[in-house]
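Please open the model in your viewer and keep the sequence panel beside it, since this tour moves from the whole chain to a few selected residues.

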Amino acid sequence: MTREKAVIKKAKQGDLSALDELIRLYYSEIFKYCCWHTKTPEQAEDATQDTFYKAIRFINAYKNNGTFRAFLYKIALNTCIDLSRKKSQFETNSLDNTIIETTYSEIRYENIESDIDFNLLLSKLTDKQRELIILRYEHDLTLKEIAEITGSNLRTCQSNLRKALKQIEKNLERSKEDE
């Protein structure tokens with residue numbers, strides 16, 4: 001039995017130290033993921049906390065199919081989607097209809113040119129393509145985990161990732177021609 005499975009088993013039995021360990025193991029990773037889907041660090045923090053709240057609340061629903069990591073990413077994705085829907089509903093119902101545009105970038109990456117280029121490339125992709133690239137290359141998830149998170153089969157996931165990479169390549173070629 002792997003360490004993760006042993007910790008999950010203890011967590012399912014109500015061991016609070018096991019729950020703490022799971023949070024420590026994955027918190028920064030899930031927070032970083034939520035940062036990609038939210039506009040501010042505060043929203044990312046809220047989404048991360050909600051993700052772990054839901055994971056703990058529904059830990060007994062986790063059946064050890066796939067990795068717990070993928071289970072968390074799936075919850076985080078759904079939490080960020082819900083947060084986005086609530087935020088857009090709030091903004092459209094706002095009395096003054098003023099939308100404050102803020103973007104989030106991690107401070108430690110702010111001055112790194114390659115990350116800026118990466119974000120530019122991602123901005124030209126569809127939401128689904130961007131999600132695949134982020135999960136695969138930014139969070140280093142396996143294709144099997146990504147398929148589990150996105151609810152697609154492995155072959156579809158591979159095919160969509162390949163299309164996203166080809167789109168990036170095409171966009172890079174266009175930008176070189178424009179220079």
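Begin with the whole chain coloured by accessibility: of its 179 residues, 34% are buried, and it should be kept in mind throughout that this is a predicted model. Switching to a cartoon view, you will find eight helices and zero strands, so that the order read along the sequence is α-α-α-α-α-α-α-α.

Next, select the cysteines C34 and C80 and show their side chains. What is the distance from the sulfur of C80 to the closest cysteine sulfur? The closest one belongs to C34 and lies 3.7 Å away, which is too far for a bond, because a disulfide is counted when the two sulfur atoms are within 2.5 Å. For the structure as a whole, the number of disulfides is zero.

While C80 is still selected, consider its surroundings: is C80 buried or exposed? Its relative accessible area is 3%, and C80 is therefore buried, the limit for that class being under 20%. Add C157 to the selection, and you will have a cysteine with a relative accessibility of 1%, which likewise counts as buried.

Now move to the surface and select E169, E173, E177 and D178, which together form a patch of negative charge. Within this group, centre the view on E173, which is located in helix α8, the helix that covers residues 154-178. The relative accessibility of E173 is 44%, so E173 is classed as partly exposed, a class that lies between the 20% limit for buried and the 50% limit for exposed residues.

Terms used
Residues are numbered from 1 along each chain as its sequence is written. This is a predicted model: local features need pLDDT of at least 70, side-chain atom pairs count only at pLDDT 80 or more; totals for chains, interfaces and linings use all residues. Side-chain values use heavy atoms; hydrogens and water are left out. Buried means under 20% relative accessible area, exposed over 50%, partly exposed in between (1.4 Å probe, protein chains only). Patches are made of residues with over 30% relative accessible area and no salt bridge: like charges are joined within 9 Å, nonpolar side chains (Val, Leu, Ile, Met, Phe, Trp, Tyr) within 5 Å. Accessible areas come from the Shrake-Rupley method with a 1.4 Å probe; for residues, only the protein chains shown count as cover. A salt bridge is a side-chain nitrogen of Lys or Arg within 4 Å of a carboxyl oxygen of Asp or Glu. Lys and Arg count as positive and Asp and Glu as negative; His and the chain ends are not counted. The place of a charge is taken as NZ of Lys, CZ of Arg, CG of Asp or CD of Glu. Helices (H or I, at least four residues) and strands (E, at least two) are DSSP runs, numbered from the N terminus.
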